[in-house]
Amino acid sequence: MVRHSSRIELSQSSLVKNINFIRKKIGPDVRISSVVKANAYGHGIAQFVKMAEKAGVDHFATASAFEAEEVLAAKSEKGGIMIMGILYDQDIEWAIENDIEFFVFNYARLPLAMEVAKGLGKRAMVHIEVETGANRTGMNAKEFPKTLTFLKKNAAHVEFKGLCTHFGGAESFANQFKITSQHKRYKDFLRECKQKGIMPEYRHIACSAAALAMPDTVYDMVRIGVAQYGFWPSPDIYYTHLQETGKPSDGALKRIFNWKTDVMDVRDIDPGEFIGYGTSYQATQKMKVAVMPLGYSNGYPRALSNRGHVLIHGKKAPIVGLINMNLFMVDVSHIPGVEVGDEVVLVGRQKNNTINISSFTNVTQLINNEMLSRLPAAIPRKIVK
Ligand SMILES: *Cc1c(COP(=O)(O)O)cnc(C)c1O
């Protein structure tokens, strides 16, 4: 197979550290559902699922049935899968057949799931998602009593696997008013379950931010996305952690992701010459530039034109000119001995220097999650130590 223009390396040891850190926060008895939507936040579902299983994770959450299909292909026998978002009627049979759990946020889905389950001679495993204030998906309180009645009556065909909700912005202190109210409404739903004498196997409401900073939101399961990839959900959550531990700083969460390419060409530029398209960069002195074999079509943000930098020989090389569709140039005048084929770090560490994905945010307005999740699936991902 021919070589791709860049590659992503994923650190197994960093993931193990992240999972252990999260595990310490939530305690030994809570199940972690690893959220791998958006191609595992850009890390690559196929590779990440294998890594997470090695780190002790045995449950995965996706946004869609087609992502669940990728997890199904990658996971081992014991791993569970849960679809939190889109599952079309026509795919319910596939889900039940493959023991895939799914969120239900409308009553109408229940009789449908039951019919399919009966036909297959299997049980549908449903998580009832309730509306508590995010007003995204979630069953409203009016439909809830008949839902419980249905689940009680048809337990042979439809298993009440979970009762869940999702916080709209748990990572920010400014939202605490809303989060507290959401949690209170969730407890009302739970109380109703108790009164009806039917309880879910898993109660789950916490995402990364809630699991790390709000222990009272941690029930039987947590749905962990961003934190397992080594990112604090927000400064609020990071500083809460420091305050709790009394540490001045903490590298407890480790980025597991490194994005690399190699020098495609090296060339000398005379004063007065322009670099690349247009006139956005004109050399004012003799300089040496290195050509990078990727561009915005490969996930490298165009907004970094004339502003970002890469690492070569452990030194920062500033981007000169525009990011093209499949190429960009960097200034290496100050780095001796740069040659074709030298390793280039786009995101991650090289010798004593690091480029954080969050540094892109300042320039591009892309938040970490958006930047990561947009990385093309075609970039090869490789697991390293
Ligand atoms: C994305 C998502 C999560 C994970 O959120 P993080 O903040 O990345 O941990 C959890 N639950 C639901 C419903 C989600 O959509």
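A residue counts as buried when its relative accessible area is under 20%. Leu87 makes a handy first case in this predicted model: its relative accessible area is 4%, so Leu87 is buried. Leu87 sits in the loop that links β4 (80–86) to α5 (92–97). How far is Leu87 from Val347, a residue 260 positions away along the chain? The C-alpha atoms of Leu87 and Val347 are 34 Å apart.

Now for the overall layout. The domain assignment splits the chain into domain 1 (12–245) and domain 2 (257–355). Between the C-alpha centres of these two domains there is a distance of 42 Å. The UniProt record, an unreviewed entry, also marks a feature here, "domain: Alanine racemase C-terminal", at residues 256–384. Across residues 256–384, strand makes up 36% of the chain and helix 11%. The C-alpha atoms at the two ends of that stretch lie 10 Å from each other.

Next comes a sheet. Eight strands line up in the order β8-β7-β6-β5-β4-β3-β2-β9, with parallel pairing, and the sheet they form is open. Which strands stand at the edges? They are β8 (202–204) and β9 (221–224); each has a single partner strand, so one side of each has no neighbour in the sheet. From one strand to the next, the twist averages 30 degrees. Inside this sheet, strand β5 (residues 101–104) runs parallel to strand β6 (residues 124–129), and the two are joined by 3 bridges. Across that pairing, Phe103 stands opposite His127 in β6. As a rule of thumb, side chains in a regular strand alternate between the two faces of the sheet.

Two helices are worth a look as well. The axes of helix α7 (residues 144–153) and helix α8 (residues 176–196) come within 11 Å and cross at roughly 45 degrees. That angle makes α7 oblique to α8. As for handedness, the crossing of α7 and α8 is right-handed.

Over in the later part of the chain, strand β12 (residues 287–292) has partners in β11 and β15. With strand β11 (residues 265–269), β12 pairs in the antiparallel sense over 5 bridges. With strand β15 (residues 328–331), the pairing is antiparallel too, and 4 bridges join the two strands. Val291 gives a neat way to see both pairings: Asp265 stands opposite Val291 in β12, while Val291 in turn stands opposite Met329 in β15. Is β12 mostly enclosed or exposed? Of its 6 residues, 5 are buried, so strand β12 is largely enclosed by the rest of the structure.

Finally, a pair of residues shows a backbone quirk. Asn39 is not a glycine, yet its phi is positive, at about 55 degrees. Asn39 belongs to helix α2 (residues 37–41), and with 17% relative accessibility it counts as buried. His313 is another residue other than glycine with a positive phi, near 55 degrees. His313 is found in the loop between β13 (309–312) and β14 (315–320). Is His313 buried or partly exposed? With a relative accessible area of 27%, His313 is partly exposed.

Terms used:
Residues numbered from 1 in each chain as written. Predicted model: local features only at pLDDT ≥ 70, side-chain atom pairs only at ≥ 80, totals over all residues. Heavy atoms only, no water. Buried < 20%, exposed > 50% of the residue type's maximum accessible area, 1.4 Å probe, protein only. Pairing = 2+ DSSP bridges. Domains from an automatic or database assignment. UniProt positions renumbered as here; feature names shortened; annotations may be inferred. Axes fitted to C-alpha atoms, helices over the stretch in contact; angles between N-to-C directions. Parallel < 35°, antiparallel > 145°, perpendicular 65-115°, else oblique. Left-handed = near helix turned anticlockwise from the far one by under 90°.
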